[in-house]
Amino acid sequence: MLNLIRRITSKKGLCVGLGLSVQKPRVDNVVTEDLSPDELRRLLIAIEADSNRIVANMMLMALNTGMRRGELLKLQCDDVNFNTGFIKIKAPGAGVPKNLRPMHGLRHAYASMLASSEQVDVYTLQKLMTHKDFRMTQRYAHLRDEALKKASGIVGEIIDKAFSSKSA
């Protein structure tokens, strides 16, 4: 609603000269949406059992590619190049229902799986997510506890190695 009022009263809006300035409140919408391995397993079982194959396939596509809902809805057969393994992503359009949040949550899960895998660097993840700014990638990619524990264990290995080389 505030967006509409702001557009109407802006310099290019319908009611120019009202002298009204609408400022949107800042909202901290940093949300952690990730799936534990058990939750991922249960989700995959539920997707497999779903009789609506179109929705099930879209959820699998979102989970496996990290594509946005608008990108998925605009996807055409010609956008998929099976020879190169690339998908041409088109910018999402207006009019997409807002109640498709589970699809966006899968985008978060995709980023978190890759970030925690220790096999994908953050620059590559940013490119895969098609983020212009790394800060946006940080909002999506949450390191799982297992990845953090493994990373913290590396310090012990470094110290042990330094200690053993010192005593040798």
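Here are two short exercises on a predicted model, each with a worked solution.

Residues are numbered from 1 along each chain as its sequence is written. Local features need pLDDT of at least 70, side-chain atom pairs count only at pLDDT 80 or more, totals for chains, interfaces and linings use all residues, and side-chain values use heavy atoms, with hydrogens and water left out.

**Exercise 1.** Place Glu118 in the fold and work out its exposure class.

*Solution.* Start with the backbone: Glu118 isn't a glycine, yet its phi is positive, about 65 degrees. Next, the location: Glu118 sits in the loop between α5 (101-116) and α6 (122-129). Helices here are DSSP runs of H or I with at least four residues, strands are runs of E with at least two, and both are numbered from the N terminus. Last, the exposure: Glu118 has 47% relative accessibility, so it counts as partly exposed. That class lies between buried (under 20% relative accessible area) and exposed (over 50%), with a 1.4 Å probe and protein chains only.

**Exercise 2.** Do the same for Thr130: find its phi, its loop and its exposure class.

*Solution.* Phi first: Thr130 is another residue other than glycine, and its phi is positive, near 55 degrees. Then the loop: look between α6 and α7 (134-140), and there's Thr130. Finally, the relative accessible area of Thr130 is 38%, so this residue is partly exposed.
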